[in-house]
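Here's a friendly walk through one protein structure, for someone seeing it for the first time. Have a look around before reading on.

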Amino acid sequence: MNTLPAIDALRERLVTLRHDLHAHPELAFAEHRTSERVAAFLRDIGITPRVGLAGTGVVGVLKAGDGNGAIALRADMDALPVREQNRFPHRSRHDGRMHACGHDGHTAMLLGATAYLAATRRFDGTVVFIFQPAEETDGGARVMIEQGLFRDYPVDAVFGMHNWPGLPAGQFAVHAGPVMACADQFDIALRGHGAHAAMPQQGRDPLIAGAALALALQNVVSRELDPTDAAVLSITRLFAGGEAYNVIPGEARLGGTVRAFRPEVQDRIEQAMQRICAGVAAAHGVQATLDYRRGYPPTVNTPAQAERCRRVLIDLVGEGNVRTDLPPSMGAEDFAYMLRERPGCYVWIGNGLAEGGCMLHNPHYDFNDDILTLGASYWARLVETLLAPHPA
Ligand code: NI
């Protein structure tokens, strides 16, 4: 791996920091200790942090030269409500909370780059370092934006990075468009009339309507969408009835998630679901209400910024280690909110082959310490390239 020597020198410090964060995971908007550690690190290298944006968010700013260019680099800080199964010394000290997505590593990588850039300042312009809360569930990025992130720090572009198990350490992946999907949720309530199970003609059975609806909704992706548009509609909840074997229930409920890469596809899916819910309900003589809720938007890189990141990565690790052919993920990511506000690019850094249950959100997961300096080097080279000083 072609890490920067000055960042290699930070390796032990970054590993220690990462292990400390891993041992003390904190959930969405409760990253108080993590936020304090980040702020203390920034102060230690001469950056006065702004704390408290979105509660536990931290922002640091570094300027060099007199250039007008400004970019933002973002790391996420929150952990997951997962019970860690690892036994290594830096395992979680908090039962039921775990850094199972590597945000401990993301935070450490960005701090490593910050330390390097604060010491070397071989760039011309402004770098904004964003340490955001609540990536996993509650959209900390959205809250930071609502509280003025890009008003107070008007950057030209914003960049993100996530570790990717299954991609070898030393490799990166860049997408020139969609990289992660939206994550919408829906609930459907079907109201009929309960009845004695032996006398179904006296009721209106919402359970049969629910079963029919679960099947009918499978046609949304296969029959309503352009076949080249990827999307998923998964029904993950189906409830009806109580304890009794001889009672037709009065109500049934379905719920699930929708994933897609384009807002137009989300619109189309929601409209089709409304129509199918109403139609199936009418066919069964019951009433349906669909509650369709938009979650994280699709994460879509802007092609120009993706190309710049690709070139920086090729300089760093060589063309053979920069993948541009990986399909996007149907997972979701709240960096999407930042990409709705500013051009930018979100890359994947290989976390190594995902053996031993080392997938994201798995109780055996751990961030790969061997890529800490590589990720920090990418951040550093991205800044030095995008904000390259003009020759004197
Ligand atoms: Ni994550």
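Below is a short tour of the metal site, the sheets, the cores and the aromatic rings.

## Before we start

One thing to keep in mind: this is a predicted model. Residue numbers count from 1 along the chain as its sequence is written.

## The nickel site

Let's begin with the metal. Which residues supply the protein donors of the nickel ion? They are C101 through SG, H103 through NE2 and H162 through NE2, and they lie 2.1 to 2.2 Å from the ion. Along the sequence, the donor residues follow the spacing C-x1-H-x58-H.

Are C101 and H103 buried or exposed? C101 has 6% relative accessibility, so it counts as buried. H103 is buried as well, with a relative accessible area of 0%. The remaining donor, H162, sits on one side of strand 5, and it too is buried.

## The eight-strand sheet

Now for the strands. Eight of them make an open sheet with mixed pairing, in the order 1-2-4-3-5-16-6-15. At its edges you'll find strand 1 (50-53) and strand 15 (322-323), each pairing on one side only.

Strand 5 (residues 157-164) is a good one to zoom in on. On one side, strand 3 (residues 70-76) pairs with strand 5 in the parallel sense over four bridges, and R74 stands opposite G160 there. Strand 16 (residues 344-350) is another partner: seven bridges join it to strand 5, and the two run parallel. In that pairing, F159 stands opposite C345.

## Why strand 5 is so enclosed

In a regular strand, side chains alternate between the two faces of the sheet. With strand 5, both faces are covered. A157, F159, M161 and N163 are buried on one side, while V158, G160, H162 and W164 are buried on the other. Eight of the eight residues of strand 5 are buried, so the rest of the structure largely encloses this strand.

## The four-strand sheet

There is also an open sheet of four strands, ordered 10-12-8-13, and its pairing is antiparallel. Strand 10 (231-240) and strand 13 stand at the edges with a single partner strand each, so one side of each has no neighbour in the sheet. From one strand to the next, the twist averages 15 degrees.

Take strand 10 and strand 12 (residues 251-260) as an example: they pair in the antiparallel sense over nine bridges. One match to look for is V232, whose bridge partner in strand 12 is R259.

## Two nonpolar cores

The largest nonpolar core has 66 residues, and L73, F131, F159, F172 and Y378 touch the most other members. Apart from it lies another core, of 29 residues, with V59, I145, W164 and Y296 among them.

F159 has come up before: this core residue also stands opposite C345 in strand 16. F172 and Y378 turn up again in a cluster, where ring pairs link them with W379.

## Rings that reach across the chain

How many aromatic pairs does a search of the whole structure find? The count is five. One of them is W164 with W348, a stacked pair at 3.7 Å centre to centre with 0 degrees between the planes. W164 belongs to strand 5 and W348 to strand 16, so their pair ties together parts that are 184 residues apart in sequence. W164 counts as buried at 17% relative accessibility, and W348 counts as buried at 1%.

Y296 and Y337 make an edge-to-face pair, 5.7 Å centre to centre and with 80 degrees between the planes. This pair links distant parts of the chain: Y296 is in strand 13 (residues 287-296), Y337 is in helix 11 (residues 335-341), and they are 41 residues apart. Y296 is buried at 10% relative accessibility, and Y337 is buried with a relative accessible area of 9%. Y337 has a further neighbour to look for: R142 lies over the face of its ring, at 5.9 Å from the ring centre.

Technical notes:
Predicted model: local features only at pLDDT ≥ 70, side-chain atom pairs only at ≥ 80, totals over all residues. Heavy atoms only, no water. Donors = N, O, S within 2.8 Å, 3.2 Å for Na, K, Ca; no water. Buried < 20%, exposed > 50% of the residue type's maximum accessible area, 1.4 Å probe, protein only. Core = buried A, V, L, I, M, F, W, Y, C linked by side-chain atoms within 4.5 Å. Phe/Tyr/Trp six-rings, centres within 6.5 Å; stacked < 30°, edge-to-face > 60°. Lys NZ or Arg CZ within 6 Å of the ring centre and 35° of its normal. Pairing = 2+ DSSP bridges. Axes fitted to C-alpha atoms, helices over the stretch in contact; angles between N-to-C directions.
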